[in-house]
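Colleague: Please take a close look at the ligand site of this model. What surrounds the ligand, and where does it sit?

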Amino acid sequence: MTDPAQAVEEQAPPRGCPAHAGGAIRLSGLEYQQTPSQLYRALRTEHGAVAPILLDGDIPAWLVLGYAEVSYVTGHDELFARDSRRWNQWPNIPADWPLMPFVGYQPSLLFTEGPEHQRRAGVVTEALEAVDQFELAHTCREIAEGLIDAFAGSGQAELMELYAHALPMRAVVQLCGMPVGATDTEDLVRDLRISLDAPEDDDPVAAYLRVQARIEQLVKEKRSTPGTDVTSRMLAHPAGLTDDEVVQDLITLIAAAQQPTANWICNSLRLLLTDDRFALNVSGGRLSVGQALNEVLWLDTPTQNFIGRWAVRDTQLAGRHIKAGDCLVLGFAAANTDPQIWPEGHVGAENSAHLSFSNGEHRCLYPGPLLADVIARTAVETLLERLPDVVLAVDPHELTWRPSIWMRGLTALPVSFTPVVQ
Ligand code: HEM
């Protein structure tokens with residue numbers, strides 16, 4: 001594959017920094033929410049593989065749209081690093097900036113670099129590797145059954161809230177050792193959603209602080225009474241993380257797991273319920289649930305964009321002068337549908353060479369994709385087994401997407417089915 005940084009030097013004269021580039025596009029608005037792929041196509045046509053964009057409050061950044069370029073950026077930590085304190089825009093960013101909770105530097109594994117990142121990531125990886133996948137599937141099945149029982153008799157349900165979000169949250173909370181009954185998991189789900197989606201009528205910073213308080217309490221409990229859970233394993237790890245470090249990394253872990261997995265479930269259910277290729281699946285089986293899950297990772301990936309990486313020094317990428325401290329947003333959705341890797345226009349391969357779990361040192365930690373697959377697969381299969389005649393309760397065109405530049409997921413997924421007598 002061509003090295004994008006070198007290929008660039010031979011192209012047209014480099015264009016300006018995002019703060020001064022003409023034609024920078026705001027990544028917001030109804031049109032963007034409904035059909036981001038059209039915006040990515042237009043950006044690619046107008047700007048190439050790296051486009052100037054404006055984040056909330058018209059803060060400039062670069063959106064990396066090309067498959068080769070996203071791979072290059074994520075594979076070169078020495079040039080494009082994770083510590084957001086490098087950002088040259090901090091003087092322009094207000095304290096209550098909506099994207100602050102997950103862009104503002106936190107001393108978690110997400111923002112650490114080099115040997116410190118390896119130390120922190122090693123602890124989380126080992127704690128997750130010890131999760132028994134069969135047990136997790138069993139737990140997810142139980143959670144799914146309980147959630148379905150609650151609405152099966154009514155013949156209708158809004159699956160986003162009642163199922164797709166509720167299931168992975170409960171599964172992850174249970175993995176971390178939080179007794180589901182004793183913890184207000186619904187509050188946690190809501191707070192995580194507020195802090196990630198930053199809706200206008202809610203305070204994302206306050207929501208994030210509430211999440212933090214709940215996790216601090218959990219770590220205190222597990223320090224005094226260890227169990228056989230992810231939190232206890234992290235606390236007992238020989239790397240000797242402090243309680244504060246464990247709190248930070250658990251928040252990262254729960255947020256990193258819950259939101260994308262919930263949207264993966266929802267987007268896969270939408271595909272299964274709206275696409276004729278899957279229509280016979282429930283009763284006769286044409287294309288499988290596994291194929292739907294994989295196709296979503298190519299075409300409707302949950303983490304559609306991720307902020308990001310920050311340039312360590314002045315450099316070039318796809319014809320752009322990137323200045324030290326510039327922010328690069330990783331455009332996973334755009335990269336997965338890059339015409340450079342799909343010259344014949346066919347997207348949705350059987351393989352898993354998509355960038356939905358990112359790439360390089362900071363990619364989704366190794367057991368993450370496996371555990372997410374267990375959770376998502378069990379969620380979708382259990383629902384289809386329990387409600388075999390489930391159909392969408394609205395016209396597919398009436399489904400709306402959430403106003404988030406990070407997450408691709410529906411605001412609601414209303415369905416109907418024959419009521420189940422229990
Ligand atoms: C049980 C489910 C999951 C767990 C435990 C998990 C865990 C994690 C963790 C700990 C990180 C931080 C890695 C680091 O900075 O070193 C991460 C990052 C990430 N995860 Fe996952 N994850 C899960 C599900 C998913 C799913 C379903 C997706 C998308 C399909 C996803 C996509 C990502 C992406 C894009 C990143 C950012 C990587 C980067 O900065 O380059 N994850 N995940």
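Modeller: The account below moves from the metal outward to the surrounding shell.

This is a predicted model, in which local features need pLDDT of at least 70 and side-chain atom pairs count only at pLDDT 80 or more, while totals for chains, interfaces and linings use all residues. Residues are numbered from 1 along each chain as its sequence is written, and side-chain values use heavy atoms, with hydrogens and water left out.

The iron atom of the ligand has a single protein donor, SG of Cys364, at 2.3 Å; donors are N, O and S atoms within 2.8 Å of the metal (3.2 Å for Na, K and Ca), and water is not among the atoms, so sites may look incomplete. Cys364 belongs to the loop between α14 (332-336) and α15 (367-386); helices (H or I, at least four residues) and strands (E, at least two) are DSSP runs, numbered from the N terminus.

Around the ligand stand 26 residues, the closest being His117, Arg309, Ser358, His362 and Cys364; a residue is counted if one of its heavy atoms lies within 4 Å. Polar side-chain atoms lie 2.7 Å from a ligand oxygen atom in Arg309, 2.5 Å in Ser358 and 2.9 Å in His362.

The elements giving two or more residues to this shell are α6 (114-129), α12 (243-274), β6 (306-311) and α15. Of these, α12 gives the most, with six residues. By class, the shell divides into 17 nonpolar, seven polar and two charged residues, where Ala, Val, Leu, Ile, Met, Phe, Trp, Tyr, Cys and Pro count as nonpolar, Asp, Glu, Lys and Arg as charged, and the others, Gly among them, as polar.

Note on methods:
A polar contact is a pair of N or O atoms within 3.5 Å; within protein, one must be able to donate a hydrogen and the other to accept it, and residues adjacent in sequence count only if both atoms are side-chain atoms.
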